[in-house]
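Hi everyone, thanks for coming. Let me put the structure up on the screen, and then we can walk through it together.

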Amino acid sequence: MPKSTEPAKINIETMIPGIASQAKVAIRLHPTPCDNVPEDVSKIGGRFVWPKAEAWPQCHDSRHEYATKPPILAPVVQLRAADFPEVEFRPGSDLFQLLWCPVTEDACDELMAPAPFAFWRSLDDIVERLDFEPPTDASDVIESYLLFQQCIPQPCAISPERVREYPVISMLPDELLDPLPEEMWDTYQQEEVGPCPATKIGGHPYWIQNDDTPTCDCGAKMDFLLQLPDWEYTNMDAYQRWIPLEDRWAVNAYHSDRTQEAMLDVLKPMRFDFNHFTKYVFVCRACESWPVKLIEQH
Ligand SMILES: [Zn+2]
Ligand SMILES: [Zn+2]
């Protein structure tokens with residue numbers, strides 16, 4: 001079902017002259033739990049189309065000291081270029097697949113973030129397909145070990161929606177920011193004209209802290225590709241602009257029944273449990289392999 005975001009109630013471009021140059025279009029993915037999404041479409045979690053000649057990948061990080069065998073990677077996001085013509089794919093590819101190692105306790109960087117693995121492919125190259133069930137919970141990934149975070153997404157269909165958004169207010173350029181009265185900061189935040197906090201491609205990162213755009217090992221500044229929160233929206237008592245209009249009923253029902261399953265489908269569809277961290281995936285389009293990095297904030 002298509003989902004729609006409420007337009008901002010204020011016209012920020014008339015209130016802050018010059019801010020139009022900061023606008024970007026993000027593509028909300030609106031993940032919705034669904035167990036029978038075909039394997040070769042744009043989706044989150046579940047089965048991904050995969051060449052038979054390649055075994056489903058494992059993480060061979062030698063720091064997985066407690067594991068008796070290497071953890072299996074979890075499928076996270078699969079995108080087809082045909083669905084996102086405005087997104088630049090690696091030359092020659094029309095399929096992007098993001099997997100990550102969901103085991104973060106014993107092998108991790110200092111942030112305990114899952115290690116990302118990116119695959120840029122051509123769908124036509126996958127003639128024979130691997131018949132493989134990807135992991136759906138921790139016991140599929142690793143034996144006798146609990147995952148600190150729940151990083152294995154529940155399979156979800158997506159319904160892309162383009163939204164126009166502006167940077168976090170503190171990241172506006174000084175020439176726009178300095179003349180603004182303090183009330184305008186409050187209005188900007190309360191009316192939620194900044195970046196969409198939900199699952200999305202591109203646009204502006206919904207930075208919770210400062211701008212943390214990474215630099216690639218090659219020295220180039222990386223491009224923002226994807227945002228993956230554990231909750232699509234958490235500020236449910238405020239304006240609620242970013243809760244899709246079609247989903248407001250579930251959120252309102254949750255206010256009277258705090259255990260409502262429908263609310264979880266709407267606000268935590270992938271069932272991630274990142275402990276309120278949001279994950280940001282960046283890509284380097286200057287390197288031949290188009291490597292990705294994962295940043296997180298909370
Ligand atoms: Zn690993
Ligand atoms: Zn690079």
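Let's start at Trp 100, and keep in mind that this is a predicted model. Which residues does Trp 100 touch, leaving aside those up to four places away in sequence? On one hand there are Leu 73, Ala 74 and Val 76, then Pro 114, Ala 115, Pro 116 and Phe 117, and finally Cys 151.

Trp 100 also belongs to the largest nonpolar core, which has 53 residues. Together with Ala 74, Leu 98, Leu 225, Val 281 and Phe 282, Trp 100 is among the residues with the most contacts inside that core. Several elements supply at least two core residues each, including strand 4 (74-80), strand 10 (223-229) and helix 6 (261-267). Strand 5 gives the most, with six residues. As general background, nonpolar side chains tend to be buried together in soluble globular proteins.

Now, on to the sheet. Six strands form an open sheet, in the order 8-1-9-10-11-12, with antiparallel pairing. Strand 8 (161-165) and strand 12 are at the edges with a single partner strand each, so one side of each has no neighbour in the sheet. The partner of strand 12 is strand 11, and the two pair over six bridges. If you'd like one to look for, Lys 279 has Glu 296 in strand 12 as its bridge partner.

Finally, let's zoom out. The chain has six helices and 12 strands. Its radius of gyration is 20 Å, close to the 19 Å from the globule rule for 298 residues, so the chain is as compact as a globular protein of that length. Buried residues make up 34% of the chain.

Terms used. Residues numbered from 1 in each chain as written. Chains lettered and ligands numbered in written order. Predicted model: local features only at pLDDT ≥ 70, side-chain atom pairs only at ≥ 80, totals over all residues. Core = buried A, V, L, I, M, F, W, Y, C linked by C-beta atoms within 7 Å. Buried ≥ 20, exposed ≤ 12 C-beta atoms within 10 Å, placed from the backbone. Helix = DSSP H or I, 4+ residues; strand = E, 2+ residues; numbered from the N terminus. Contact = placed C-beta atoms within 7 Å. Pairing = 2+ DSSP bridges. Rg over C-alpha atoms; globule rule 2.2 N^0.38 Å.
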